[in-house]
Amino acid sequence: MSHILIIDNDRSVGAAMEYMLRNAGHTCAVGSDAQAGLEALDKSGFDLAFVDMVMPDIDGLAAIKRIHEKKPDLLIVAMTGYRLHSAAALSADLLEAAEAAGAACGLRKPFSQKELLSAANLVNVLESANQTASAHAAQRAFT
Amino acid sequence: MMLDSHWGSTTAHDPLQQTARKFDQLQAEVLGAARSWAADEFGAAMAHQANDPLTALLLYLQQMVGSKADLPLALQETARRALREAERLCQIMRREDPENAPSSAAANSVGPWSQRRTSSSAYSAVRRHTLLDILTPREREVLTLITRGAANKEGAQQLGISKRTFEVHRAHIMEKLKARNAADLVRMALSDMR
C-alpha cells in the first residue's frame with residue numbers, strides 16, 4: 001500500500017479521492033492548492049502524488065516541475081477535466097503536456113473508482129515490472 | 001431597394017457603398033467569431049467545473065454499489081439507479097468534448113488506464129502499421145531511446161524526467177505491446193517501421 005498526496009483545489013474531489021484511497025488501504029494527505037501540496041512534501045515521504053492540472057495559485061505544469069525539484073523520484077499522476085488550457089488554445093492536450101513535463105500518467109475527470117485505484121497501484125506496477133525484468137535477465141543468464 | 005439611378009449619387013456599384021457593405025460583413029464575421037470563442041471558453045469552464053463534482057459523485061456512488069452488503073435492499077437499488085444516471089452524465093460530458101469521441105486517437109492517448117488501455121483481444125485486432133499508435137507521444141520517445149539501447153538512467157536524462165518516471169513509461173509500453181523484454185520492444189519497433 002502507498003502513501004499518497006492529493007493536490008486538488010476542489011475540496012469535494014480531494015475528499016472523495018481520500019475516502020476511496022483510504023478504504024483501499026492507502027494512507028493519504030490532501031493539499032487544497034499547489035502551495036499546500038508543496039509544503040506537505042516537506043513533511044512526509046510520499047510514494048505517489050495526484051496533481052490537478054488547473055489550480056488558481058500555480059499552473060499544473062509548473063507544479064509538476066516544482067514537485068520534481070523537491071522530490072525527483074516522486075511518481076506523479078496528472079488529473080484534469082480540461083483537454084486544453086483553454087478552448088482557444090492551440091497547445092497540446094493538457095495530459096500529454098503533463099506527461100512531457102514529467103508526470104508518469106494522467107487521469108481525465110470524471111474518472112471512475114477503478115481508474116483511481118489502478119493509478120494508485122502504479123508503485124506496485126512499477127515494482128512488479130522491475131521484478132519481471134530481473135527474472136527475465138536471470139533466466140537469460142542461465143540459458 | 002432602388003439604388004441605381006442616373007441622378008443619384010449612390011449606386012449599387014458605388015465603391016464607397018461596396019466598402020461599407022464589406023465592412024459590415026467583416027464586422028458581422030468578427031462578432032460571430034468572438035461569440036463562438038466566448039461560448040467555447042464558457043463551455044470549457046463549465047465542463048471543468050462540472051467534472052469536479054461529477055468525479056466525487058461517481059466515486060461515492062461506485063463505493064456504495066460496491067459495498068452493497070452493508071446497505072438495505074431498497075437503498076442498494078436506489079444507489080444502482082443513481083450510479084446509472086451519474087454514468088450517463090459522464091458519457092454526455094465526454095460526448096460533448098469533440099476531442100473525446102471514441103474514434104479519436106487522441107482519446108486513446110491520454111491516461112494509461114481504462115480510457116486508453118487496449119485489451120489483449122483488441123490488441124490482436126490492431127493492424128500492424130498501427131502497432132505503435134497505441135502509445136502516447138512520450139511513450140514513443142521512450143521506446144525510441146530503448147531501441148537505441150539507452151538504459152533507464154540515460155534515457156531519463158535525455159528526456160529530462162526522473163529515472164522512476166522513465167521506468168513507468170517503459171512498464172506501460174511493455175504491457176501495452178505485450179513485450180517481455182527490451183529485445184521484444186526493438187523487434188516490434190523495427191517490424192512496425194518496415
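**Chain B architecture and the surroundings of helix α3 in chain A**

In chain B, residues 24 or more positions apart account for 46% of the contacts with a separation of 6 or more. These values derive from a predicted model. The secondary structure of chain B comprises eight helices and zero strands, and its elements follow the order α-α-α-α-α-α-α-α along the sequence. Of the 194 residues in chain B, 37% are buried. The accessible surface of this chain amounts to about 12200 Å², and carbon and sulfur atoms contribute 58% of that area.

Chain A contains strands as well as helices. Strand β1(A) (residues 3-7) pairs with strand β2(A) (residues 27-31) in the parallel sense, and five bridges connect the two. Within this pairing, Ile7(A) is positioned opposite Gly31(A) of β2(A). Together with helix α1(A) (residues 11-23), β1(A) and β2(A) form a β-α-β unit of right-handed sense.

Helix α3(A) spans residues 60-70, and its buried residues are Gly60(A), Ala63(A), Ile64(A), Ile67(A) and His68(A). Because these buried residues fall within an arc of 130° when α3(A) is seen down its axis, they line one face of the helix. Lys65(A) and Glu69(A), by contrast, lie on the other side of α3(A) and are exposed. The packing partners of the buried residues come from both chains. In chain A they include the strands β1 (3-7), β3 (48-52) and β4 (75-80), along with the helices α2 (34-43) and α4 (94-101). Chain B contributes helix α7 (163-177) to these packing contacts.

A further link between the chains involves Ser162(B), a residue of the loop between α6 (152-159) and α7 of chain B. The relative accessibility of Ser162(B) is 9%, so this residue counts as buried, the cut-off being under 20%. Leaving aside residues up to four places away in sequence, Ser162(B) touches Pro72(A) and Asp73(A) of chain A as well as Ala156(B) of chain B. The side chain of Ser162(B) also makes a polar contact of 2.9 Å with the side chain of Thr165(B). Contacts between the two chains are thus described here at two sites: α7(B) packs against buried residues of α3(A), and Ser162(B), in the loop between α6 and α7 of chain B, touches Pro72(A) and Asp73(A).

Definitions and conventions
Residues numbered from 1 in each chain as written. Chains lettered and ligands numbered in written order. Predicted model: local features only at pLDDT ≥ 70, side-chain atom pairs only at ≥ 80, totals over all residues. Heavy atoms only, no water. Buried < 20%, exposed > 50% of the residue type's maximum accessible area, 1.4 Å probe, protein only. Helix = DSSP H or I, 4+ residues; strand = E, 2+ residues; numbered from the N terminus. Arc of directions from axis to C-beta. Contact = heavy atoms within 4.5 Å. Polar contact = N/O pair within 3.5 Å; in protein donor to acceptor, adjacent residues only side chain to side chain. Areas by Shrake-Rupley, 256 points an atom, 1.4 Å probe, with all protein chains shown as cover. Pairing = 2+ DSSP bridges. Right-handed = clockwise from strand over helix to strand, strands pointing away.
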